[in-house]
Amino acid sequence: MRKHIVAGNWKLNNDLAETQALIASLKGQIITSDAEVMIAPTFTNLWHANEAVKDNDIEVIAQNMHFAENGAYTGEVNASMLKSIGIHTVILGHSERRAYYNETDESLVQKVDAALKHNMRVIFCFGEELLDRTSGNHESVVKNQIKKALFHLDASAFKNIVLAYEPVWAIGTGETASPEQAQDMHKFIRETLANKYDKTIADHVSILYGGSVKPNNAQEIFSKPDVDGGLIGGAALKAEDFFAIVNAF
Ligand code: PGA
């Protein structure tokens, strides 16, 4: 049925030598769970990382991409470029990109469409701010994010979409949503999909939780029925911690 996925988002960390060293340690770990394992190094290290994991059950994925086919977009990288070096999955809409680079649900539509057009798999991130949570608006905020960025898609597109619920207040803060809060939101997201599309689509989409997942809390979060894995930041930078999370399933 739904795939279990644990993806490590390395963010702005690890130069080439550090990337090689971390991958060497990752290759020394044993996957004992059924989770698909992904790592997202920086653009400059994607090619090397992808070469280095060949013959291992680790997929190298991108942290972002531009929507254009080509043109005057200094500093950008697009789907064809990623695919030309063997990258088939991209994270889109991470809250740090929304906060620091003005990405919005409306502008993310273009990126989602471009990635799907190129047959890439998208890990689409969204989640509420602390104020949305404390004022009780978290569900409507999340519903709106999904609706604006994804609900123009045909149902068939969802075979290439993974959702990542990442409450902004839990990212890099050491504070996690409780397993119950994660479960409640994931269930709500699945219901939202079922209402727009149908139950089969909703049941097949993997929904990851992200926000301060660590070896000591992964198992409890992953034990919830609607949590299909995690998007891991800080704890993905140490091979033992990352694999403790991978093997928490
Ligand atoms: P964190 O980051 O695990 O360090 O909180 C998660 C993310 O940003 O995807």
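Reader: Which element gives the most to the lining of the second largest pocket?
Author: α9 does, with three residues. The model is predicted: local features need pLDDT of at least 70, side-chain atom pairs need 80 or more, and totals for chains, interfaces and linings use all residues. Numbering runs from 1 along each chain as its sequence is written, and side-chain values use heavy atoms, without hydrogens and water.

Reader: What makes a residue part of a pocket's lining?
Author: It has an atom within 4 Å of a pocket point. The points lie on a 1 Å grid over the protein atoms alone, where a 1.4 Å probe fits; a pocket is an open set with protein on both sides within 12 Å along at least five of seven lines. For the second largest pocket, 16 residues line the space, and F158, K159, I161, H204 and V205 lie nearest its centre. β6 (161-165) and α9 (199-204) each give two or more of the lining residues.

Reader: Which residues of the ligand's surroundings come nearest?
Author: K11, H94, E166, G172 and S212 do, out of 13 around the ligand. A residue is near if one of its heavy atoms lies within 4 Å.

Reader: How do you know that G172 makes a polar contact with the ligand?
Author: A polar contact is a pair of N or O atoms within 3.5 Å; within protein, one must be able to donate a hydrogen and the other to accept it, and residues adjacent in sequence count only if both atoms are side-chain atoms. A ligand oxygen is 2.7 Å from a polar backbone atom of G172, so the pair qualifies. For G233, the distance from a ligand oxygen to a polar backbone atom is 2.9 Å.

Note on methods:
Helices (H or I, at least four residues) and strands (E, at least two) are DSSP runs, numbered from the N terminus.
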